[in-house]
Amino acid sequence: MRKLNTVLSVLLIIIFGIHGVMGGFMLIGTGKSAGKVLAWIGVCILAVHAVIGVYLTVKSLKTAKNTDEKYLRENKAFWARRASGLAILILLFFHIGMFGEVRNGQYILFPFTTTKLITQLLFIASVAVHILINIRPLLVSLGIISFKKRKGDIYLILSVLLLFMSGAVIFYYIGWQS
């Protein structure tokens with residue numbers, strides 16, 4: 001179950017990156033597609049990832065209940081992973097269908113309000129937190145033990161991607177306001 005979740009996690013990071021970059025180019029007016037089909041594949045993978053995550057969380061809670069250790073109370077990373085994952089699921093519903101819809105064969109854009117800007121920035125931030133909290137266990141799961149050697153590269157790549165995505169959302173907001 002954990003190995004499948006590891007594979008799904010890697011796929012989600014790749015899909016999130018591609019969709020985010022494609023969507024960012026579309027928002028700033030230089031791209032024609034945000035990779036909608038790829039995004040829906042990502043949503044399906046995310047649903048499976050979430051179900052496995054809930055299953056593993058329940059399993060951990062049952063195991064912790066039967067021990068005398070206060071593992072779950074003292075393990076802040078355990079709860080941060082769950083909280084950031086839940087935030088992603090909640091904010092994903094605000095992301096889906098936010099920018100527009102097809103009516104009578106024509107794509108209609110919805111106004112991009114301050115509330116939508118805030119929810120999108122929170123969505124990007126929650127994904128960033130979730131990836132950063134889980135990147136070390138993911139690398140260990142993949143057999144890449146030398147996290148210290150790769151940490152700078154990973155943080156640089158994630159920072160550039162997230163900065164681009166956030167910037168595109170902000171520029172899109174500014175464009176709607178002018």
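**Notes on helix 2, helix 4 and a pocket**

1. T57 sits in helix 2, which covers residues 36-65. A word before going further: this is a predicted model, so please read each distance below as a computed value.

2. Is T57 buried or exposed? With a relative accessible area of 12%, T57 counts as buried, because the cut-off for that label is under 20%. Its side chain has a polar partner too: the side chain of T57 reaches the backbone oxygen of G53 at 2.7 Å.

3. Which residues does T57 touch, once those up to four places away in sequence are set aside? They are F78 and R82. F78 is worth a second look, as it is among the buried residues of helix 4.

4. That brings us to helix 4, residues 76-95. Helix 4 has 20 residues and spans 28 Å from its first C-alpha to its last, close to the 28 Å expected at 1.5 Å a residue. For a feel of the distances along the chain, take A77 and I90: they are 13 residues apart in sequence, and their C-alpha atoms are 20 Å apart in space.

5. Now for the two ends of helix 4. At the N-terminal end, N75 acts as the cap, with a side-chain oxygen 3.3 Å from the backbone nitrogen of A77. At the other end, helix 4 is followed by G97, which has a positive phi, near 75°.

6. How does A77 itself fare for exposure: buried, partly exposed or exposed? A77 is partly exposed, because its relative accessible area of 31% falls between the 20% and 50% cut-offs. By contrast, the buried residues of helix 4 are F78, S84, G85, I88, L91, L92 and H95.

7. Finally, a pocket you may like to find in the viewer. The second largest pocket has a volume of about 320 Å³. It is lined by 16 residues, and the closest to its centre are I13, I135, I154, I157 and L158.

8. Where does the lining of this second largest pocket come from? Helix 1 (2-27), helix 5 (114-141) and helix 6 (147-177) each supply at least two residues. Helix 6 gives the most, with 6 residues.

9. What is the make-up of that lining by class? The second largest pocket is lined by 14 nonpolar residues, 1 polar residue and 1 charged residue. I13, I135, I154, I157 and L158, the residues closest to the pocket centre, are a good place to start looking.

Technical notes. Residues are numbered from 1 along each chain as its sequence is written. This is a predicted model: local features need pLDDT of at least 70, side-chain atom pairs count only at pLDDT 80 or more; totals for chains, interfaces and linings use all residues. Side-chain values use heavy atoms; hydrogens and water are left out. On a 1 Å grid over the protein atoms alone, a cavity is a set of points where a 1.4 Å probe fits but cannot get out, and a pocket is an open set with protein on both sides within 12 Å along at least five of seven lines; lining residues have an atom within 4 Å of a point. Grid points are joined across faces, edges and corners, and a volume is the space filled by probe spheres set on the points. Helices (H or I, at least four residues) and strands (E, at least two) are DSSP runs, numbered from the N terminus. Ala, Val, Leu, Ile, Met, Phe, Trp, Tyr, Cys and Pro count as nonpolar, Asp, Glu, Lys and Arg as charged, and the others, Gly among them, as polar. Buried means under 20% relative accessible area, exposed over 50%, partly exposed in between (1.4 Å probe, protein chains only). The expected span of a helix is 1.5 Å times one less than its number of residues. A polar contact is a pair of N or O atoms within 3.5 Å; within protein, one must be able to donate a hydrogen and the other to accept it, and residues adjacent in sequence count only if both atoms are side-chain atoms. Contact means heavy atoms within 4.5 Å.
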